[in-house]
Each structure stands twice: as C-alpha cells, then as structure tokens.
Protein chains: 2
Amino acid sequence: MADDRLSVIFGALADPTRRAILARLADGQATVTELTAPFAMSMPAISRHLKVLERAGLITRSRSGQHLSSTLRPDPLQEATEWMERYRRFWDASFDRLDAHLRRAASGKDPQ
Amino acid sequence: MADDRLSVIFGALADPTRRAILARLADGQATVTELTAPFAMSMPAISRHLKVLERAGLITRSRSGQHLSSTLRPDPLQEATEWMERYRRFWDASFDRLDAHLRRAASGKDPQ
DNA sequence: ACTATGTTTAACATATTCGTTAATTAACAA
DNA sequence: TTGTTAATTAACGAATATGTTAAACATAGT
C-alpha cells in the first residue's frame, strides 16, 4: 500500500475486522484482550490490526499497568470524508437524475 | 482483500493512482489511453486499476467503437460516507473538546 | 485482406497483507 | 524469586496486489 495519508486511512478501513474494532471502540475504550474476544482470531492478529489503525491515526493507545487501552480518534474519518466531498456535486447530479426519473415514471410520461 | 462491499470500496480508494483517476473523471469521462497519459505507468496497469474501480462500482464503462470510456459513478462514496457517519458524534465530541480547551487556554484559567 | 489503433489478457516478478504458533517482554502478585 | 496475565515480536506460509513486457483480441480505415 502507498504510504500517503489518505491511502493509509482508506487502507485501514478496507478490512472488516478493523471496521468492527472501530465500531466496538465507539462504545468506549478497550484493551487488546477485550478487542480480541469477539473474533475467531488470535491476539497477535488483533494486535497487528490495532497497529494499522494506530498508523492511520484512527486510534490512540495508552498503557495503564498491564493494560493497553485503545481509544477511537475519528479525525482521519473526517479527512477521508473531505476528500470524498469533492464528488458531492456528482452525488447531487445522480440524485437529480434519479429524482427526475422517478417523477417521469410516476407521471407515466417517461419518454424512455 | 475481503470481498464485502465496503472493503471493496475502501480498498479501491486506498491507492493514489486510482484516486487520481477518479479526480480526472470528475472532469468528464475518458478513455483508457487518456487516463494512462498522465501516469508513468503502462496501459495494462491502468486497465487493471480501472477494473478495480469498476468492481467497486465507482465507475461504469461503455464502448464506443474502439474507445472504452469510463464514467464516474460516485454512489459508493456515499455508501462509505454513510458508514463513517456512525462516528460523527465522535467528531463533534472531538471538536467540543478542542473548542473547550481553546476557550480555557484563551481565558488563562485552564485547570490543567 | 491488410494495417493501425485501442484495450485486455497472459505470464511473470516482487512486495505486502493477513493469518498462524512459539518465543519474548512488561507489569503485577504471592 | 516464581508464577500469572497482557501484549508484542519473530518466524513462517498462503493469498493478494501491483507493476512489467509480450501476445492476443476488437474495431476502424484503406
């Protein structure tokens, strides 16, 4: 994977396990052991996923004794969204087209 | 890469060449040759990138004679954004914390 | 039919990803 | 010290990603 920020962020999000971890962390910080529990996967595997998320800036980690807690830091999601915003006018255009299509269809006068 | 929709979408966005292709297509549809020109990369390489974007639903392609044009279809970006929206309250929380911190710092009364 | 142009597919090399198990490090508790 | 728990690192293997060049396929023009 390329090492520019957006590639690292999107790359981190491109794995269902990592997205599930983020979803879990939305309910509050958790240790590696707690994050491992729901998955049929070894702790080293989760540990690596956490490293990927950390590199993307999507989590921060802090040690408290033996326990290493991960906390959600969603700022990179905003960065990603901002990149996608460049295409919003195309969404709008798509919606307009869909809307127009539905109106034509509903009126029974669709020229297609 | 996992083959669920979101993984395919995020995976497609996790490459700078592919994001550049999408940016180019925001200015209108283009052929494979036209999309290859700006890159120091062979046409087969671009052809594969286009396939990845197509699989993610980010472009559609239509042949007109010899020319195979790619067109932006940004709907999947919205799907990705919708997933990220789950974390919007954390963005807001982050902003709130930042805001509060700045206000405390500005007033010279920051208890920290 | 022949040739030129546009694009994909085949075959290959290399690097990265993602998982495993085993070994190691770090912190706590007796 | 010894043992237990928490987590990472090491070493490995299999699958996937990303690029290359050469060959094949598809359409157009003469």
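**Group meeting: two protein chains and DNA strand C**

Okay, let's start at the DNA: the residues of the surface near strand C split into ten nonpolar, eleven polar and one charged. Here Ala, Val, Leu, Ile, Met, Phe, Trp, Tyr, Cys and Pro count as nonpolar, Asp, Glu, Lys and Arg as charged, and the others, Gly among them, as polar.

Quick caution: this is a predicted model, where local features need pLDDT of at least 70, side-chain atom pairs count only at pLDDT 80 or more, and totals for chains, interfaces and linings use all residues. Residues are numbered from 1 along each chain as its sequence is written, while chains are lettered from A and ligands numbered from 1 in the order in which they are written.

So who sits around that DNA? 22 residues surround strand C, and among the closest are A:Met1, B:Thr31 and B:Ser47 ("near" puts the C-beta atom, placed from the backbone, within 6 Å).

Now chain B's sheet. Three strands form an open sheet, ordered β1-β3-β2, with antiparallel pairing (strands are DSSP E runs of at least two residues, numbered from the N terminus; pairing takes at least two DSSP bridges). β1 (30–31) and β2 (59–64) of chain B are at the edges with a single partner strand each, so one side of each has no neighbour in the sheet. β2(B) pairs with β3 (residues 67–72) of chain B over six bridges, and B:Ile59 stands opposite B:Leu72.

Last thing: a rotation of 180 degrees with 0.0 Å of shift along its axis superposes chain A on chain B, RMSD 0.0 Å (least squares on C-alpha atoms of residues with pLDDT of at least 70 in both). The two copies are thus related as by a two-fold rotation axis.

Terms used. Helices (H or I, at least four residues) and strands (E, at least two) are DSSP runs, numbered from the N terminus.
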